[in-house]
Amino acid sequence: QAMNQDREVTMLHFIAAVFLSFATTTGVRAKDMSCGSFASNIEGTKLDLAPPVGFVEICAQDAELCQTLTAGYPTSSRTLGYFVMAEEWARFKKSPAGFSKFLIAQHAGSMSPEELPDFKRFVRSQQNDIPDHTDLPGVLESRGRAPIPVFEDAGDAIAFGTIMKLRTAPPALAKDFILATTNAALVVKGKVMSLYVGWDVTQSADVEGAKQQTKMWLNCLRAANRQQAGPKTP
């Protein structure tokens, strides 16, 4: 039950981080990218977070910004990497302008690999629409949401998402934007990772881009960590 509650609140925690880093720009499509590399570890287990080429990790470069962007996540989750597009990061360092696409890798500490099948059943029982039990940040107003049904369902993973129309609330200048977010759970080297992809679709309505990016990242992670995997435990 605690595991499900953690997963239910994550999406709106994610939106709080999204607002702090939101921008409307045109970026590279997922299908044009290949796998990169970024070393990390979970409780001594070495991992490669394998972000797509063209993305850079920002937590190692700006701990304060990382804390701001990830403060709302459940305490059972540990952020391993927060990735944004390199050109947007270079622009941000000169004048904070936000990120149109970003990826977040976390260790889902409240879930064991053995619990993944139960979580997958839980997602399906909700007709792919995981309920939220938190409020939007005061600077945002909801203008509607729709689920992105499960689009990856494998023995080691499940991925789904949400499309949200949001408006900045007073005292900010009112502005509508549409965000596609995906959430994947993936078992890597005996650990469960939570993966989030944020994709601004205000102008393009390119929800498929967020799904493609998520699938690609899952495959990059599988390939990178399969090569590094040690002997299997009987």
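# A tour from helix H2 to the core

The protein has 5 helices and 9 strands. This is a predicted model. Start with the whole chain in cartoon view. From the N terminus on, the elements run α-β-β-β-α-β-α-β-α-β-β-β-β-α. Buried residues make up 49% of the 234 residues. Now show the surface. The protein exposes about 10,700 Å², and carbon and sulfur atoms supply 52% of that area.

**Stop 1: helix H2**

Select residues 63-70, which form helix H2. Which residues of H2 are buried? They are Leu65, Cys66, Leu69 and Thr70. Look down the axis of H2: these buried residues fall within an arc of 115°, so they line one face of the helix. An α-helix has 3.6 residues a turn, so residues three or four places apart point the same way. On the other side of H2, select Ala63, Glu64 and Gln67, which are exposed.

**Stop 2: a pair of rings**

Next, show Phe83 and Trp217 as sticks. How far apart are the centres of their rings? The distance is 6.3 Å. The planes stand at 80°, so the pair is edge-to-face. Phe83 belongs to strand E4 (residues 77-85) and Trp217 to helix H5 (residues 207-228), so the pair ties together parts that are 134 residues apart in sequence. Are these residues buried or exposed? Phe83 is buried, with a relative accessible area of 1%. Trp217 is buried too, at 0%. Add Phe38: ring pairs link Phe38, Phe83 and Trp217 into a cluster. The count for the model comes to 8 aromatic pairs.

**Stop 3: a charge over a ring**

Select Lys101 and Trp199. The charged end of Lys101 sits over the ring of Trp199, 4.7 Å from the ring centre.

**Stop 4: the largest nonpolar core**

Keep Trp217 on screen. Add Leu80, Ala105, Leu186, Met193 and Leu195. Together with Trp217, these residues have the most contacts inside the largest nonpolar core, which has 27 residues. Elements giving two or more residues to this core include E4, strand E5 (101-108), strand E9 (191-200) and H5. Which element gives the most? H5 does, with 5 residues. In soluble globular proteins, nonpolar side chains tend to be buried together.

Now centre on Leu195. Leaving out residues up to four places away in sequence, Leu195 touches several residues, among them Ile104, Ala105, Leu186, Trp217 and Leu221.

**Stop 5: the second core**

Finish with Cys66, Tyr82, Ile104 and Tyr196. They are included in a second, separate core of 14 residues. You have met Cys66 before, as one of the buried residues of H2.

Key
Residues are numbered from 1 along each chain as its sequence is written. This is a predicted model: local features need pLDDT of at least 70, side-chain atom pairs count only at pLDDT 80 or more; totals for chains, interfaces and linings use all residues. Side-chain values use heavy atoms; hydrogens and water are left out. Buried means under 20% relative accessible area, exposed over 50%, partly exposed in between (1.4 Å probe, protein chains only). Helices (H or I, at least four residues) and strands (E, at least two) are DSSP runs, numbered from the N terminus. The arc is that of the directions from the helix axis to the C-beta atoms. Rings of Phe, Tyr and Trp (its six-membered ring) pair if their centres lie within 6.5 Å; planes under 30 degrees apart count as stacked, over 60 as edge-to-face and the rest as tilted. A charge sits over a ring if NZ of Lys or CZ of Arg is within 6 Å of the ring centre and within 35 degrees of the ring normal. A nonpolar core is a set of buried Ala, Val, Leu, Ile, Met, Phe, Trp, Tyr and Cys residues joined through side-chain atoms within 4.5 Å. Contact means heavy atoms within 4.5 Å. Accessible areas come from the Shrake-Rupley method with a 1.4 Å probe; for residues, only the protein chains shown count as cover.
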